Amino acid sequence: MVLHKFGEKLYNGLVATMTSHLKEISKSTEAAQGDSFLEELNRKWNDHNKALQMIRDILMYMDRTYIPSVHKTPVHELGLNLWRDTIIHSSKIQARLQNTLLELVQRERTGEVIDRGLMRNIVKMLMDLGSSVYQEDFEKPFLEVSAEFYSCESQKFIECCDCGDYLKKAEKRLNEEIERVTHYLDSKSEVKITNVVEKEMIANHMLRLVHMENSGLVNMLLDDKFEDMGRMYNLFRRVPDGLSTIREVMTSHLRETGKQLVTDPERLKDPVEFVQCLLDEKDKYDSIISNAFNNDKAFQNALNSSFEYFINLNARSPEFISLFVDDKLRKGLKGVSEEDVEIILDKVMMLFRYLQEKDVFEKYYKQHLAKRLLSGKTVSDDAERSLIVKLKTECGYQFTSKLEGMFTDMKTSHDTMQEMSVLCEKFRSYYLGTHTGRRLSWQTNMGTADIKATFGKGQKHELNVSTYQMCVLMLFNNDDRLGYKEIEQATEIPTADLKRCLQSMACVKGKNVLRKEPMSKDIGEEDTFFVNDKFTSKFYKVKIGTVVAQKESEPEKQETRQRVEEDRKPQIEAAIVRIMKSRRVLDHNNIIAEVTKQLQSRFLANPTEIKKRIESLIERDFLERDSVDRKLYRYLA
């Protein structure tokens with residue numbers, strides 16, 4: 001017919017015949033009742049596809065020659081369009097089909113089992129008819145109904161569930177929708193339906209969930225609920241500002257608990273326990289971020305800034321960290337493997353990095369290291385050197401040069417013959433002549449002595465005591481009883497050291513070679529002391545230690561702080577000179593900013609002190625003020 005110029009008649013006849021046939025199919029489909037409606041539609045669709053394939057094969061010549069020449073719709077596409085217009089968009093089928101599909105989805109959401117294969121076939125039919133048919137006839141109303149469903153359900157859940165249970169339900173619903181797409185929806189619908197669930201179940205209730213009483217994020221942090229926190233992280237990361245909300249709540253809670261920890265008067269009584277609590281808190285949050293928050297860098301940064309914030313709220317943190325190291329290197333690391341020692345030292349370094357006043361730590365650490373080395377009470381020289389190497393790596397050679405010098409001094413001390421007291425002045429001259437630029441201070445409290453003593457029943461012992469203890473005991477060769485003030489006047493030992501010295505000899509069971517009246521654990525200025533004639537020990541040699549003062553007295557603290565401030569002055573001046581030498585001319589505010597930046601690795605420079613150092617440098621002709629602008633400084637070569 002096409003060859004004989006009857007192509008148009010053939011094409012129009014095809015349209016009329018197919019339209020008539022599809023109208024009959026439409027009627028039979030409309031007549032189907034209940035669940036058989038979709039089955040009937042699916043069956044007719046399959047029949048139509050088979051018939052369409054046969055028609056296309058029969059009219060292949062027309063499809064390839066006539067139709068392109070007159071720009072008409074190809075046979076297969078024509079068949080789909082007629083099915084769409086006559087069946088799917090039929091006034092009695094369109095709404096019914098949509099409602100039936102949405103009802104099946106609703107039934108599946110409420111736990112019923114539906115025929116997923118039939119659903120997949122019907123949805124595929126809509127997709128085959130064109131993406132606009134799928135979207136307008138199903139996807140769009142599907143998303144609208146889903147939003148309404150999850151809005152109502154989330155409101156119901158939020159009223160009756162705790163945070164952990166709510167998150168489980170939200171996660172379950174999200175997975176169900178992803179699975180639904182896999183089984184019978186267009187893959188492009190996954191992003192759209194998951195966005196609906198995320199918005200209705202997570203984004204709209206985000207703040208209420210994290211702050212939920214007795215079960216929100218703070219309770220999860222307190223109770224180490226890693227699984228719940230991991231679920232919250234994975235769900236919240238899907239919505240805008242989700243992770244920042246978690247991070248802000250975590251940071252706020254951590255800063256508050258950290259502040260309470262470092263300002264708790266009870267904690268401050270035991271520096272070692274104080275630092276251990278900080279380390280335990282850090283370990284706890286490291287574990288949370290690792291196991292629940294996917295090692296998120298933003299969370300790690302928030303953790304570090306929080307620790308830096310509250311550690312520096314306590315001005316004694318540098319001292320306490322040094323005391324913690326002192327405790328560990330004196331006795332706390334005995335029997336510990338090298339690997340575990342390194343782990344502990346690395347943790348100490350982690351706290352050290354948070355300190356703003358690193359030079360204060362250096363001052364205390366130097367004192368404590370000196371005492372350990374002089375008394376021979378360090379657990380391991382390797383551990384001591386390892387920590388110094390770590391400090392050197394962190395802060396540079398200048399920070400540790402004096403600490404390393406102590407080990408050199410100890411070697412020098414061991415290699416040098418011990419001089420008697422009459423040769424002290426000769427030794428001073430020799431030492432200062434050999435080591436230029438150093439000071440020699442006699443640490444009279446760090447020496448030891450062996451004393452032979454005879455007690456009440458002729459029992460003899462050799463007592464190993466400190467220099468201060470020796471001075472006190474020697475007084476009892478001439479007197480039977482001595483008051484505290486008499487001992488203090490005769491020995492001129494500093495008050496704090498004298499009280500510790502007497503306490504260790506009169507109040508420690510098994511070492512009480514002296515007795516005191518009245519008996520108590522503390523030493524008072526009205527106390528009286530006498531030799532304990534009833535002292536016994538199964539050992540001939542008895543070592544009497546000195547009660548360790550973990551914390552400095554108030555005058556000692558003030559003296560340490562004063563030394564730190566004095567040491568900072570030349571560092572500030574050196575920084576000012578370096579900056580001005582390179583910049584030549586600079587205003588006041590920029591000098592303050594530059595000096596603060598240069599010195600922040602060691603301490604936080606006080607702007608007032610910087611100003612004083614500038615004035616000092618002006619007086620010594622290193623700098624001068626501009627004659628016009630008094631806030632402008634010039635470097636003088």
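**Exercise 1. Locate E492 in this predicted model, then decide whether E492 is buried or exposed.**

Step 1. Find the place. E492 sits in the loop between α23 (484-491) and α24 (495-506).
Step 2. Check the backbone. Phi of E492 is near 55°, a positive value in a residue other than glycine.
Step 3. Set this against the general rule. Most residues other than glycine have a negative phi.
Step 4. Judge the cover. Exposed means over 50% relative accessible area. E492 has 70% relative accessibility, so E492 counts as exposed.

**Exercise 2. Do the same for N214: give its phi, its loop and its exposure.**

Step 1. Read the angle. N214 is not glycine, and its phi is positive, near 70°.
Step 2. Find the loop. N214 lies between α10 (206-210) and α11 (217-222).
Step 3. Apply the cut-off. The relative accessibility of N214 is 63%, so N214 counts as exposed.

**Exercise 3. Describe the peptide bond from E517 to P518, and say where P518 is found.**

Step 1. Look at omega. From E517 to P518, omega is near -5°, and the bond is cis.
Step 2. Recall the usual case. Most peptide bonds are trans.
Step 3. Place the proline. P518 is in the loop between β4 (514-517) and β5 (528-531).

**Exercise 4. Analyse the salt bridge between R180 and E177.**

Step 1. Take the distance. The closest N and O atoms of R180 and E177 are 2.6 Å apart.
Step 2. Compare with the cut-off. A salt bridge needs the side-chain nitrogen within 4 Å of a carboxyl oxygen.
Step 3. Find the element. Both residues belong to helix α8 (residues 163-184). They are three residues apart, about one turn of the helix.
Step 4. Check the cover. R180 and E177 are both buried.
Step 5. Widen the view. A network of salt bridges links E108, R109, R116, E177, E179 and R180. The whole structure has 50 salt bridges.

**Exercise 5. Which parts of the chain does the salt bridge of E362 and R602 link?**

Step 1. Confirm the contact. The side chains of E362 and R602 meet at 2.9 Å, N to O.
Step 2. Place each partner. E362 is in helix α18 (residues 358-375), and R602 is in the loop between α26 (588-599) and α27 (607-619). The pair links distant parts of the chain, 240 residues apart.
Step 3. Test for burial. Buried means under 20%. E362 has 9% relative accessibility, so E362 counts as buried. R602 has 12%, so R602 counts as buried too.

**Exercise 6. What does the salt bridge of K541 and E462 tie together?**

Step 1. Take the distance. K541 and E462 meet at 4.0 Å, N to O.
Step 2. Place the pair. K541 is in strand β6 (residues 541-543) and E462 in strand β2 (residues 460-466), so the bridge ties together parts 79 residues apart in sequence.
Step 3. Judge each end. K541, at 58% relative accessibility, counts as exposed. E462, at 15%, counts as buried.

**Exercise 7. Which element gives the largest share of the negative patch?**

Step 1. List the members. E338, E339, D340, D381 and D382 gather in this surface patch.
Step 2. Find the elements. α17 (338-354) and α19 (381-395) each give two or more residues.
Step 3. Pick the largest share. α17 gives three residues.
Step 4. Check one member. E339 lies in helix α17. E339 is exposed, with a relative accessible area of 54%.

**Exercise 8. Which helix has the lowest mean pLDDT, and which the highest?**

Step 1. Start with the whole protein. The mean pLDDT is 87, and 95% of the residues reach 70 or more.
Step 2. Go to the elements. Helix α20 (residues 397-415) has the lowest mean, 75, and helix α12 (residues 226-236) the highest, 96.

Key: Residues are numbered from 1 along each chain as its sequence is written. This is a predicted model: local features need pLDDT of at least 70, side-chain atom pairs count only at pLDDT 80 or more; totals for chains, interfaces and linings use all residues. Side-chain values use heavy atoms; hydrogens and water are left out. Patches are made of residues with over 30% relative accessible area and no salt bridge: like charges are joined within 9 Å, nonpolar side chains (Val, Leu, Ile, Met, Phe, Trp, Tyr) within 5 Å. Accessible areas come from the Shrake-Rupley method with a 1.4 Å probe; for residues, only the protein chains shown count as cover. Lys and Arg count as positive and Asp and Glu as negative; His and the chain ends are not counted. The place of a charge is taken as NZ of Lys, CZ of Arg, CG of Asp or CD of Glu. Helices (H or I, at least four residues) and strands (E, at least two) are DSSP runs, numbered from the N terminus. Buried means under 20% relative accessible area, exposed over 50%, partly exposed in between (1.4 Å probe, protein chains only). pLDDT is the predictor's confidence in each residue, from 0 to 100.
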